[in-house]
Structure formats: structure tokens, C-alpha cells
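These are my notebook entries on a single chain. I set out what I looked up, in the order in which I looked it up.

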Amino acid sequence: MSRDDFEEMQIQEQLTDLLSEGALDEGTPAYGIARKIIADGTKGLSVKQTKVLERVIFPALEDLEQGRELTRLIEKDGN
């Protein structure tokens, strides 16, 4: 497995989590693009889809990860 394949799989897993958390609204372009990436990867994205990925989806992934990190810190302090 190449590094690109591994990174692609990571993105697909993260997007699956993002959708399951309800972080993207169903019916929006970002939601549809996330589902497309999960199914087909990022290589076939159009220029517009790539812009949505960069401007909407990646920030949502960052927010999700920051929320998880905050939860871990809170749980760690509580134990």
C-alpha cells in the first residue's frame, strides 16, 4: 500500500466519522462530496468539489478532532 493510498483511507474513515456525527447537513454540497470521497476517493474531484473540500469539509474535520481532544482532556481531568 502506498502512502497516498493510506492517506486516502484515513480521509475516508474521517469523513465517515464526520457524517455519522452529523457534522455536515444532509443534502448540502459538502455532504454529497463527502459521500463521494468515501465511495471513490479524492482523485476524481472537480475543481469546485476540491474547493468545497478545502473550505468546508477540512475545517469540519478539524473542528471534530478538536472537540474529541477537548473531550479526552475533560475525561482525563475527571479521572
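Before sorting residues, I fixed the cut-offs: a residue is buried under 20% relative accessible area and exposed over 50%, and partly exposed in between. I also note that this is a predicted model.

Entry on Met1. I asked whether Met1 is buried or exposed. Its relative accessible area is 72%, so Met1 counts as exposed. I placed Met1 in the segment before H1. I then found that Met1, together with Phe6 and Met9, makes a nonpolar surface patch of about 340 Å².

Entry on Gln12. I located Gln12 in helix H1, which covers residues 3-20. The relative accessible area of Gln12 is 17%, and therefore I list Gln12 as buried. Which residues does Gln12 touch, if those up to four places away in sequence are not counted? I recorded Ile37, Ile38, Asp40 and Gly41.

Entry on the whole chain. I counted three helices and zero strands, and the pattern along the sequence reads α-α-α. The C-alpha trace spans about 45 × 35 × 20 Å along its principal axes. Of the 79 residues in the chain, 24% are buried. Among contacts with a separation of 6 or more, I noted that 47% come from residues 24 or more positions apart.

Entry on surface and charge. I obtained an accessible surface of about 5800 Å² for the chain, with 50% of it belonging to carbon and sulfur atoms. I tallied 10 positive and 17 negative side chains. The centres of these two sets lie 6 Å apart.

Definitions and conventions
Residues numbered from 1 in each chain as written. Predicted model: local features only at pLDDT ≥ 70, side-chain atom pairs only at ≥ 80, totals over all residues. Heavy atoms only, no water. Helix = DSSP H or I, 4+ residues; strand = E, 2+ residues; numbered from the N terminus. Buried < 20%, exposed > 50% of the residue type's maximum accessible area, 1.4 Å probe, protein only. Contact = heavy atoms within 4.5 Å. Patch = residues over 30% accessible without salt bridge, like charges linked within 9 Å, V, L, I, M, F, W, Y side chains within 5 Å. Areas by Shrake-Rupley, 256 points an atom, 1.4 Å probe, with all protein chains shown as cover. Salt bridge = Lys/Arg side-chain N within 4 Å of Asp/Glu carboxyl O. Lys, Arg positive; Asp, Glu negative; His and termini not counted. Charge placed at Lys NZ, Arg CZ, Asp CG, Glu CD.
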